[in-house]
Structures are given as C-alpha cells and as structure tokens.
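Notebook open, coffee poured. Here is what I looked up, entry by entry.

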Amino acid sequence: MGKIERDPITGQYTTGHQWNGIRELRTPVPIWWMLVWIASIAFALVYVYLLPSIPLGDRTTAGATGYTARLNLEAELDAVRTARAEASAQLAELELSEIVADEELATLAFNGGRSAFGVNCMQCHGAGGGGQIGQFPSLIDDDWLWGGSLEDIWYSINHGIRNETLDARFALMPAYGDFYEQAEIEDVADYVLALNPSSPEHATRDQLPGAEMFDLECSACHGVNGEGGRDFGAPNLSDAVWLYGGEREEIVAQIINPRMGVMPAFGERLDEATIKMLTVYVHALGGGEDVASGETAALQ
Amino acid sequence: MNSVSEGQRTMVVGYQADEFPGVKKVYQKSVSGTFRRIKSAVLAAISLGFFGAAWLPWNRPGDTPDQAFLMSFTEGKFYALGWTFWPQDLYLLTLVLLFSAFGLFFTNTIVGRIWCGFSCPQTLWTDAFQMIERVFEGDRNDQIRRAKEGLTAQNLIRKIGKHTVWAAIGLATGLTLIGYFAGTVNTFTQVPTFQASTTTMVLVGVFAALTYLLAGFAREKVCLYMCPWPRFQSAMLDPNTKIVTYHAWRGEPRGKAKKKAAGAEIGDCVDCNLCVNVCPTGVDIRNGLQLGCIGCGLCADACDGIMTKLKRPTGLINFASLAETHEEAHLSAPMVEVGGQKRKPTKVRFYGYGALMILVSAAMVFTVLNRTGFDVAITPERDPAFVMLSDGSIRNIYNVRLSDRGAEAETVRFEVDGLVGETITISHAGTTLAEGETPTIAFGDIEAASLRVLITVPVTRRPEGRAPITFSLVNGDDGRVMTTTSTYFWGPEN
C-alpha cells in the first residue's frame with residue numbers, strides 16, 4: 001500500500017497504488033449507486049422469498065405467497081366462465097328463435113359467435129364467411145346446400161357434413177366418368193349451363209343432346225329444373241353460384257369425378273351455447289333464411 | 001507538475017466533478033422586482049387553476065359524472081364543461097398538441113424561454129418548494145449556515161417541517177392530477193382511507209413521490225439533464241429574440257463601485273454575484289446565453305436592485321435581443337451574410353411560427369364548431385369484397401358504426417348515391433331490423449350501434465370492378481342529412 005495523496009493536476013485523491021510509477025485516481029462508485037445496488041439485492045431476496053423464482057427443471061421454487069402465473073390464469077379463466085355462466089346456460093336452454101327474438105341475447109350471441117367463428121370456422125370459410133370458390137362454400141350468400149334457416153345451420157354445425165359421425169349430413173354423387181363417355185358428359189354439361197334462366201338456350205334446352213341423360217341421372221337429386229335438393233346437399237344448378245366453378249370444363253370435371261365437401265361435427269368439440277352463438281352469427285351474415293329447409297321452395 | 005496553471009488545468013481534465021453544472025447544490029436567494037412579481041402571479045394563477053378546476057362541479061343529467069373537467073377512463077370520455085369528447089375526437093388532441101408546440105416555438109422566437117422561466121410545472125413547483133424552504137430554513141445565507149451546522153435539534157425540527165409541507169403538496173398534486181382522471185372527490189376521499197383501486201393508489205403515489213423528488217431535490221437538474229427542450233431551443237432563436245442578456249459592453253471590466261467613483265476606467269458591473277445567487281439554476285448570466293438559463297429574469301430583478309442603489313441606470317441585465325445588444329455595443333445594426341451579400345437578419349421564424357399557430361388554432365376552432373354529435377364509420381367487408389347471390393346480383397357488406405353523442409336523432413336511415421336499383425338491408429346483431437329502399441333504425445336512447453349493412457345491386461345493374469358510392473345518414477325525424485361518407489362498391493371484373 002502506497003501513500004494516499006492528492007493528485008496535483010485534478011485535485012483528486014489517488015488510490016495509493018503505484019504501477020511502474022503510474023498512480024491511479026480514486027474514483028469510487030457513487031454512493032447513490034451503491035445504495036441502489038444494495039436495495040436491488042434486498043429486493044431480489046424479498047422477491048425470491050415471496051414469488052416463484054429459481055427454476056428446478058420441471059418446476060420452480062414456490063414463493064411464500066403461493067402465486068404462479070398459471071394459477072392466476074386459471075383463476076381469471078374461472079372468473080370469465082363464472083361471469084358467462086348465466087348467459088351460457090340461457091343460450092343453451094332457449095330455442096334459436098327465442099334467442100334471435102331477444103335483442104340483448106341476439107347481440108350477445110352475434111358477438112360471441114363472431115369470436116367463435118374466428119377460432120373454429122374461419123380457416124375454411126374465410127374471415128368474413130365468404131368461403132373459397134372451388135373449396136369451401138360461402139356462408140354469406142343466399143345459396144345453401146343444406147339449408148339456411150337457423151335450424152338447418154345449427155344441424156350443419158352440430159353434426160357436420162360427410163364425416164364419420166352417425167348424424168352427419170351425408171350424400172354422395174357418383175363419379176359419372178366411370179359410366180359415361182366424355183362426349184356424353186360434355187353434352188350434359190351444356191344442358192346444365194342452359195338451366196340458368198339467363199342462358200340464351202334456356203327456353204330450348206329440352207332439344208339439347210344432354211337433356212335425356214340429365215333427366216335420367218341428375219334430376220333425382222338436383223331437381224327437374226336443376227333447382228337443387230337440400231335433402232341431399234345437391235346444389236342448385238340453375239343459379240349463378242358455383243362452388244366448384246361454373247365454367248364448362250369445371251362442370252365437366254365435376255361430373256366425371258365429383259368433389260364433395262367435408263365438415264367436422266362441431267357438436268363434439270364445442271358446447272351447446274357456442275354452437276347456438278355460431279348459428280345466430282352465421283344466420284345474420286346476410287344469407288340467413290327464415291323458414292326451415294322443407295318449406296324453402298316458397299322463398300325462391 | 002505544480003506549475004500547470006489554472007487555465008491549463010481546465011483544458012487538461014475538462015470538468016472536475018463538482019464543476020459539472022447541477023452538481024453543486026443551488027441555494028437560491030430571494031429577490032424582489034418586476035419579474036419576480038410576474039412569476040409569483042403566474043404561480044398563483046396556475047396553482048389556483050390546477051387545484052381549483054379539479055373541484056369545479058358541472059351539472060350533467062343522469063348518471064353522468066358531475067365534475068367539470070374529467071377524463072374518465074372507465075367511460076372512455078373526456079368531459080370539459082358542457083362538452084363531451086369521445087375517443088373518436090382524439091384527433092382534436094393532435095391539434096391541441098400542435099398548437100402547444102407552435103405556441104412554444106412562437107413565444108420562443110419572441111421572448112426566448114419564458115415557458116421555462118414562468119409557466120413550466122417543474123419551475124413552478126420548484127419555486128413553490130423553495131418558498132416553503134425559505135419559510136422554514138431562512139434565505140440563502142441561513143440555508144448555507146444551517147447546512148454547515150449539520151443536524152442540530154433546531155435544524156432538525158425545521159427540516160421535518162419543510163419536508164412535511166413538501167410531502168403534503170406532493171400528495172395534493174398527485175391526488176388532484178389523478179382526480180382529473182378518476183374523480184377528485186374519489187381520490188381525496190378514497191386514497192387516504194385506502195379504499196381506492198390499486199391503480200389509483202399506485203398512480204397517486206407515483207405522482208406524489210415524483211412531485212416531492214423533482215421539486216424538492218432534482219430541481220434545476222431536470223432542466224439541465226432531463227428536459228429535451230433546452231437542448232434545441234437555441235435553434236428556435238433568432239437575432240430579434242428577446243433573451244435575458246448581460247450587457248457586457250456596459251458592465252465590463254467589472255470592479256468595485258468605490259474604484260469607479262475614484263475615476264477608474266471600469267464598467268457598471270460591481271461583481272456582487274447577486275445575479276448568480278438568485279438564479280434558480282445557478283448559472284452566471286454574465287457568461288452569455290447558455291443551456292442552464294431558463295429565461296426567468298430573476299437576475300435582471302437582482303441587478304436592477306443593485307443598480308438602483310448605486311444610482312446607475314437599470315437594465316445592465318434585461319430582456320434584450322442579440323440585434324439590440326449588438327447595436328448598442330457597436331453602434332451599428334447587425335448584418336448576416338446571405339449569398340455573399342450582407343443583409344439584416346430576417347424574421348422568418350416569427351412569421352412562420354405565427355402563421356402556423358394561427359392556422360392550427362383556426363383548424364381547431366373550425367373542427368370544434370363543426371363537430372356534430374353524430375359519427376359514422378364505415379368499413380367495407382374485404383373478405384370477400386363482394387358476394388354473388390343466386391340470381392347473379394352482387395352484394396357488398398359494410399360494417400357501420402354509429403354514435404349519437406348529442407342524442408340528435410330518434411331514427412336514422414341510410415341513403416346511397418352512385419348505384420342504380422340497389423336494395424339496402426340492415427342486419428343488426430342478428431336481427432334484421434328493416435328492409436327496403438331506405439330502412440330506418442330506431443336510435444332513441446342508444447348512444448352507439450354497430451350495424452351490418454348489406455347493399456345488393458341486381459345483375460343487370462352491377463358495376464364492373466369498383467364504383468365510388470356515397471353513404472348518407474339521414475335524420476329520420478326531419479330528413480336532414482347528418483353525415484356523408486364516401487366508400488366503394490365492388491363488383492366482379494370481367
């Protein structure tokens with residue numbers, strides 16, 4: 001230890017050490033910094049005592065307060081469930097028509113349905129329910145494969161379409177490419193195109209070569225005028241909406257080897273209240289029908 | 001080594017620790033004079049406004065809070081006297097901030113940092129705290145003496161008294177400030193009894209502690225080290241700006257009054273150091289314009305007092321522009337060189353900031369006066385942009401949010417311009433309320449509504465691609481158009 005002395009240039013004290021004649025100024029850590037440091041240590045000790053902090057592989061040391069973020073989340077979710085319990089029970093119990101008639105419940109169901117839609121339905125049907133041409137049907141137009149009333153929509157959501165559950169909506173279209181020649185199928189496609197009332201050949205479509213085959217093979221499900229059959233999920237062929245495309249070659253392809261959509265039974269995943277909220281939401285998107293499927297003819 | 005002179009010493013090591021501005025404790029001496037009176041008046045007015053306006057009641061109907069100025073977070077509304085501002089009026093805040101900024105720049109080009117010196121909360125609260133300090137511990141000399149004496153019994157009692165009053169003011173400030181957001185009556189009654197929410201308690205505590213620390217201890221260090229404004233305010237000055245100026249041509253060289261009386265060739269400054277002792281930031285104005293000067297003019301008050309006593313003309317330190325000082329000192333107007341030519345300095349900042357301030361305030365008045373109580377926000381559904389229906393007609397979906405703050409209309413209906421043969425359907429939260437050409441929505445007591453508006457155009461009339469349309473919202477009571485919004489209607493592009 002050398003002599004602590006004042007440096008003549010700066011007027012500060014030196015550390016007293018000498019290294020090859022070089023002395024170092026004593027510039028200690030400021031006192032406030034030391035105090036903050038000590039306070040931080042004290043804080044850390046208190047923190048470690050009170051809260052979970054030291055990781056032990058699959059868990060951490062338990063704090064004296066018993067707090068963990070996981071328990072906290074569970075408590076918050078419980079609080080939400082409790083807060084919603086009454087409304088959920090009410091939604092699960094009431095008829096769909098009763099829910100829609102009650103302004104407050106309808107708003108609740110619509111908003112709840114929107115968030116449930118974002119989690120469960122949006123992946124296929126799109127954020128706005130617009131579907132995707134060639135893949136998933138639009139839920140906001142007035143063309144429904146299986147019906148657009150509250151009850152129909154509820155059934156489709158609850159039981160799904162062409163899945164492995166017993167109550168799923170189910171119907172198959174045969175692959176006509178196995179039974180007919182390409183030319184015959186193209187004739188039928190021409191006939192199908194003429195089913196639309198705005199087609200120039202609409203009035204004289206019976207003279208088209210495909211008329212006979214349509215009558216024989218297609219009209220049983222799709223209807224004599226191609227108006228579709230909702231009992232079989234058979235699309236309306238006389239309107240402007242085409243799920244798998246309305247071009248001639250797209251129709252031909254669909255007849256040769258039809259594609260048919262599949263949807264899970266959400267009744268197995270979601271509770272009754274959520275399904276009803278989804279139903280109300282989808283029904284209100286713009287295409288909802290007032291009357292259940294069997295009586296929809298009057299609406300067209 | 002010892003032969004290094006003072007000047008070299010500073011050059012070698014720059015600052016010594018206690019030479020950094022703000023490190024040495026500033027003991028401010030009290031002073032009287034014009035600027036002190038203005039400062040005190042501003043302090044009184046702003047304190048009265050801040051602490052008083054929080055208690056001002058305002059009669060509002062129903063459950064609406066009765067505090068005249070309340071920025072209610074729970075309701076998401078800002079009540080100011082008879083006005084109610086909603087979150088969608090937030091752009092007005094932008095205008096207020098713009099106005100404040102240009103106001104700051106504008107006053108700065110005219111009279112320098114008077115904001116800092118006279119009305120900045122940091123200055124005001126520090127000023128008030130120093131007044132209290134003087135009540136308990138005396139003026140500058142007494143304070144220095146007591147600091148040297150250390151903690152004697154008497155000094156301790158004085159210190160405790162001072163800190164108690166400081167803490168009380170800090171707490172009152174915190175309670176009042178948070179009172180503007182959570183209700184003054186609430187904070188003043190619930191916080192002291194620990195009944196307020198944790199958020200309120202913590203925020204009151206934070207603001208109380210900050211007031212106590214910033215005004216009691218940090219003081220001029222806030223201006224010197226924390227505040228960004230002093231750093232660029234010098235860029236806002238021009239040669240015509242009135243700044244606190246020591247007229248060196250008149251004051252230098254400094255010397256005792258007796259010497260001058262004896263006929264020595266010296267200036268008017270008697271080097272009494274009073275201008276430094278009264279300075280709230282502890283700067284020496286005689287070194288010229290500097291970052292530490294907040295433009296409060298207390299040094300001018302101090303110097304004028306001395307000059308009056310010496311029967312010399314006042315104004316050795318006063319608010320004067322660089323141009324004026326130059327003219328006095330050199331008996332010629334200052335010139336700047338622009339493109340090789342000498343010209344008088346322009347006043348472009350003065351007119352520029354002034355014009356901007358007038359512009360922004362005009363915009364503010366205009367928007368507030370034309371603000372309707374009725375707001376509509378229309379968001380077209382983008383996924384998908386349009387829907388084709390069975391018969392080929394095209395439908396667009398618009399999410400419409402309405403708010404009727406002034407309860408202006410009982411019913412409203414939509415009208416759309418720019419399409420032919422359209423059908424408008426309103427679907428509200430799952431309930432189709434109305435259908436037809438101009439559906440009507442009963443608005444009544446509802447303050448806000450979110451609607452799904454469907455516009456359908458028949459196949460023969462459908463636009464190709466994008467068509468601009470105008471949504472009008474018509475008051476169902478008197479047919480008056482309340483607001484219009486432009487948007488687009490999308491159809492398939494063939």
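Before the first entry, I note the classes I use: buried is under 20% relative accessible area, exposed is over 50%, and partly exposed lies in between. I also keep in mind that this is a predicted model.

**Entry: a nonpolar patch**

I looked for nonpolar surface in chain A and found a patch of about 1100 Å². Its members are A:Val29, A:Ile31, A:Trp32, A:Trp33, A:Leu35, A:Val36, A:Trp37, A:Ile38, A:Ile41 and A:Leu45. I picked A:Val36 for a closer look and found that residue in helix 1 of chain A, which covers residues 31–50. A:Val36 has 46% relative accessibility, so I put this residue down as partly exposed.

**Entry: cysteines**

How many disulfides does a search of the whole structure find? I got 0 over all chains. I then checked two cysteines to see why. A disulfide needs two cysteine sulfur atoms within 2.5 Å. For A:Cys218, the closest cysteine sulfur is in A:Cys221, 9.0 Å away, so the pair is too far apart for a bond. For B:Cys296, the closest cysteine sulfur belongs to B:Cys279 at 6.1 Å, again too far for a bond. I looked up burial as well: A:Cys218 is buried at 13% relative accessible area, and B:Cys296 is buried at 6%.

**Entry: domains of chain A**

I wrote down the domain assignment of chain A: domain 1 spans 14–60, domain 2 joins 71–167 with 263–299, and domain 3 runs over 176–256. Taking centres over C-alpha atoms, I noted 59 Å between domain 1 and domain 2 of chain A.

How values were computed:
Residues numbered from 1 in each chain as written. Chains lettered and ligands numbered in written order. Predicted model: local features only at pLDDT ≥ 70, side-chain atom pairs only at ≥ 80, totals over all residues. Heavy atoms only, no water. Patch = residues over 30% accessible without salt bridge, like charges linked within 9 Å, V, L, I, M, F, W, Y side chains within 5 Å. Areas by Shrake-Rupley, 256 points an atom, 1.4 Å probe, with all protein chains shown as cover. Salt bridge = Lys/Arg side-chain N within 4 Å of Asp/Glu carboxyl O. Helix = DSSP H or I, 4+ residues; strand = E, 2+ residues; numbered from the N terminus. Buried < 20%, exposed > 50% of the residue type's maximum accessible area, 1.4 Å probe, protein only. Domains from an automatic or database assignment.
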